[in-house]
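I set out to record what I looked up in this structure, entry by entry. Individual residues come before the overall fold.

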Amino acid sequence: MSLKCTGFLAAVLFCFFISISCGDDSGKDKIKGNYDLPTVCKDTCNEVFTVSELENELKNGTSACVCVKAGTYEGSFVIERSVAVIGESGENTVIAIDGDTTVAIKSDDVILQSLTIKTSGKNFSGILADNIKNLEMNDLLVEATDGTGITIENSEGIVVQNGIVVQNGIVVQNGIFDQSGQGSGIKVSDSKDVAVSGGSVSVNGGKSAMEFNNTTGIVVQNGIVVQNGIIVQNGILLNSGDETGFRSDTESPPFSFGLVFNGCSDGVIEDVSLINNGVEGNNSNSWSLIAMDSKSVSIHNASFDGTGSSNSTAIYSSNSSLFLENTDVSKYTKDGVVLKNNSEISISGGRIFSVSSDSAAIYADDSSVSLDSDLEITDIENSTDPTGGRGIALINNSIISAKDIKVSNCRSTGIIFDNSFGEISGSVISGNRYTGIWIQNAVGSAEKNININDSDISDNSGVGIFIIDSAAIEIKDTDIRGSSLKEWNEQKVGDGIVFLGRAIRDTKDALFLENIVFDGNGRAGAIFDGKSNAETELAGITAVNLSVIDSSGESEGKYGIVVQNGKRPETLDDAVTSNVFQQNDSDFSGSLVIIDETQQLN
């Protein structure tokens, strides 16, 4: 019995001594600093105090976590194993070098947390990860003067959250990425599954806040992207020498970008504000978001704000597909959303407002636009082009599907179709200062046409709906009212519908009208001008149930349905169910002055 008890006591004493000797490796009370350890560390960490200790731990260490005591560690460090590197204080634990990349990551499964990382010089990064998987970066401060803050290449499973990047010794709190020089704040190439959240990005004098090239599975959320005073001379080539379309071979103005997607897919931007305080001066250009050759880029609950910028555009898309939901775009000085080269965009909800535009708040060139769910486009002004300030401009076979939207208070036309087609339904087009809807050069067919239905076209200046040199247009179940008088060639025009052109005399079904109410228009309910002699029947007009009323009591209206420069088809008279100006129409002779030009769109 005594032998057994002695053996038991020896075993207890042995375990006691072993527990003491193991304290240096596993006892949390032996760590001198105060660290916020992630779960993977399991409350254990090897603490380092010198450059050589840090270098050795990153290369040859065995602990899952390395705790870096507050201080400055000068050098270029390479992480060659799976490890969590935790600083004692994000601001006071500094890893820095001039003229080289500060931290290069060459292993999978790495965490960087609570560190300040500094670098300077072109072609260098604060953090460089190449061909790795599963990198998590939390609560970082990265200063990258003339270089790039964070560069990710050929990698997957990247998470950046609650990050802080500062430059020139400026400490910016509350999750702000701030980068200066010629590089980008965060640059990701040939990678997948990249998440950036809970931080802000500010770029001063650099290229872009965030740039994604040939990358899939991108998530940017819960942060603020700030683009401020970015100047890059002689244009920008975004990826592998491919031109963005913004560069010329001669002197180019400065350019700046916020988020760049190039050859990417499945990107998500959520709960993010892009604030574009771009480059000042008339020769500068800035874009908050550029998507090129990218698919399925989704933007949710975001805000694009161009306050204080010159020649700024919120979104530029080329051969890309985007989805915007509950997103606001405001205060840009050149354009709101520009779509080119077979781009597609779907916008649900949100507002585009207070934009000064040479063309339109939404400008689509050979692209498709889908709008719904109470999207509002309002208060659009012109920038330098006197005919600018449109709500939506569609050119070169663009297609639109718009349901339950509102386009109002545009300096020029609410919606213009130029050799483009589509449908406007359940929408309000009102208070625009140079026609509500303008259709030109749109000679369609049964398969490709323009449909306007169940909509309210009201209180626009000059003309509610103006149609010139177009065909295959159908307008149904729509009120066209309150078109106010506007000076045109020393005459006053103020009409519900004006159809001008040869199509209504020599094209079958050029215009179909059904259940239309003309109410309180300044001069006429509708004018059809065949640009022909009085004996040529305007047989391209088909109408059912047209009503001309004047409920406002203040209208200067004089005419109901006017046909000029062509013979009035009998079917048109049969379609008019009521007309308070019937006698005026019957006595009418001659021609009314009407708008007779096409708009030039740039």
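**Entry 1: an aspartate and its surroundings**

I listed the contacts of D335 and left out residues up to four places away in sequence: D335 touches S312, T313, A314, V355, S356, S357, D358, S359 and A360. I note at the outset that the model is a predicted one. I then placed D335 in the secondary structure and found it in strand β29, which covers residues 335-340.

Which side chain of opposite charge is nearest to D335? I found K334, 5.6 Å away; D335 is buried and has no salt bridge. The cut-off for a salt bridge is 4 Å between a side-chain nitrogen of Lys or Arg and a carboxyl oxygen of Asp or Glu, so a pair beyond that distance does not count. I did find a polar contact at 2.7 Å between the side chains of D335 and S359.

**Entry 2: a second aspartate**

I looked up D365 next and located it in strand β33, residues 360-365. D365 is likewise buried without a salt bridge, and K340, its nearest side chain of opposite charge, is 5.1 Å away. With neighbours within four places in sequence set aside, I recorded D365 in contact with L339, K340, N341, N342, I395, N396 and S398. K340 is therefore in contact with D365 under the 4.5 Å heavy-atom limit, yet no salt bridge is made by D365.

**Entry 3: a histidine**

Is H300 buried or exposed? I recorded H300 as buried because its relative accessible area is 16%, and the limit for buried is under 20%. H300 belongs to strand β24, residues 295-300. Beyond neighbours within four places in sequence, H300 contacts V268, I269, E270, D271, F323, E325 and T327. I also noted that the C-alpha atoms of H300 and L324 are 6.0 Å apart, with the two positions 24 residues apart in sequence numbering.

**Entry 4: nonpolar cores**

I turned to the largest nonpolar core and counted 78 residues in it; L289, F304, L371, I392, I439, I465 and F528 have the most contacts inside this core. For F304, I listed contacts outside the four-place window, among them L274, L289, I299, I315, V329 and Y332. Another core lies apart from it, with 30 residues, including W287, M292, I468 and L601.

**Entry 5: the whole chain**

I recorded six helices and 54 strands. The chain has 602 residues, of which 55% count as buried. Of the contacts between residues at least 6 apart in sequence, 66% join residues at least 24 apart. The exposed area is about 23900 Å², with 44% of it supplied by carbon and sulfur atoms.

Note on methods: Residues numbered from 1 in each chain as written. Predicted model: local features only at pLDDT ≥ 70, side-chain atom pairs only at ≥ 80, totals over all residues. Heavy atoms only, no water. Core = buried A, V, L, I, M, F, W, Y, C linked by side-chain atoms within 4.5 Å. Buried < 20%, exposed > 50% of the residue type's maximum accessible area, 1.4 Å probe, protein only. Helix = DSSP H or I, 4+ residues; strand = E, 2+ residues; numbered from the N terminus. Areas by Shrake-Rupley, 256 points an atom, 1.4 Å probe, with all protein chains shown as cover. Lys, Arg positive; Asp, Glu negative; His and termini not counted. Polar contact = N/O pair within 3.5 Å; in protein donor to acceptor, adjacent residues only side chain to side chain.
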